[in-house]
Amino acid sequence: MRLAPRTSPSGPRTRPLGPVIAALLVLTTSACRDTFYPLKNRVTPGLDAFVVFVGDGQNGASELFAGQAGGGNVFQVTFTLAEEDAPALSPSGGVLAFTRAPSAADSSGRRIWFMNLVTGAERDVPAFPGGAVPLALAFSADGAVLYARTTAGLWAVDAPPAALVPRKLAGADSVRADSALTTFIGEPPFARIAACEQAVATLCAFVPGRAETPLQAGATDPVHWGADSVAYMVGSSLLVRSGAGGRAREVMWARVPPHPRKPTYAPAASPPAGAR
């Protein structure tokens with residue numbers, strides 16, 4: 001396992017992780033440890049709803065940042081001075097996938113990485129055959145597979161602790177990957193959210209059999225936000241809009257880095273059946 005150099009805060013948080021997050025510790029072994037805890041004392045994956053997004057870090061390099069879905073201070077997750085991009089959170093929130101390249105100009109060196117957000121451990125995926133460059137990432141609904149849209153079609157790689165072997169997709173597998181990489185609203189989904197085809201620089205909802213419905217002028221980077229909402233960027237602001245209508249609300253963050261973009265969202269855990 002390859003681990004990026006890290007500096008350590010004071011130590012792991014003591015809040016119970018629960019069985020789902022404890023299972024994520026398989027990304028590390030007794031011989032492969034990391035003392036950097038990226039969400040320490042800020043977010044508990046699997047319990048808290050939170051967002052990871054791209055922003056401009058030191059010297060303008062693209063780094064990854066995170067913040068609570070309810071607002072508050074934003075904090076930095078990566079510190080490599082490389083170009084990190086295309087973040088994707090697993091459904092449990094415990095694993096983050098993203099791309100990393102030596103520089104913005106070196107797309108040929110862009111690789112996929114996995115980060116365990118409980119331990120900070122990282123693993124990289126071998127370069128795709130044929131020079132395919134990963135552009136966008138999304139996990140399957142169960143978090144077992146990561147899909148990648150690339151310059152050479154759709155690919156998949158099983159998430160850790162499985163062997164990280166990329167495979168080209170076709171047929172039904174390609175359809176599932178395309179669905180995972182598309183932003184929908186609703187559970188089950190009733191509309192696709194994407195750039196309008198008619199209105200310029202506007203996000204639209206595409207309901208099957210209907211004309212496009214404009215949602216927000218100047219909006220970019222839509223992301224599925226729970227059962228009935230969608231979020232998107234408008235300038236440096238992250239707005240959340242319910243599928244039931246009404247006005248969008250802004251997530252009130254502080255210490256936001258320059259040029260925030262490409263958010264990915266992990267929901268809070270659902271309460272156990274029968275819990276009050």
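This section describes a four-stranded sheet, the helix that packs on it, and a disulfide in a predicted model.

The sheet is open and antiparallel, with its four strands arranged in the order β9-β10-β11-β12. Its edges are formed by β9, spanning residues 134–139, and β12, spanning residues 167–168, each of which pairs on one side only. Helix α2, comprising residues 171–180, packs on this sheet and touches β9, β10 (145–150) and β11. The direction of helix α2 makes an angle of about 85° with that of β10.

At one edge of the sheet, the antiparallel strands β9 and β10 are joined by five bridges. Within this pairing, Phe139 stands opposite Leu146 of β10. The hairpin made by β9 and β10 has five residues between the strands, and Gly143 adopts a positive phi near 75° in this hairpin. At the other edge, β12 runs antiparallel to β11, which covers residues 153–158, and two bridges join the two strands. Arg167 in β12 is the bridge partner of Ala156.

The structure also contains one disulfide. This disulfide is formed by Cys196 and Cys204, whose sulfur atoms lie 1.9 Å apart. The torsion about the S-S bond of Cys196 and Cys204 is about 95°, and the disulfide is therefore right-handed. Both cysteines, Cys196 and Cys204, are buried.

Notes
Residues numbered from 1 in each chain as written. Predicted model: local features only at pLDDT ≥ 70, side-chain atom pairs only at ≥ 80, totals over all residues. Heavy atoms only, no water. Pairing = 2+ DSSP bridges. Contact = heavy atoms within 4.5 Å. Axes fitted to C-alpha atoms, helices over the stretch in contact; angles between N-to-C directions. Disulfide = S-S within 2.5 Å. Buried < 20%, exposed > 50% of the residue type's maximum accessible area, 1.4 Å probe, protein only.
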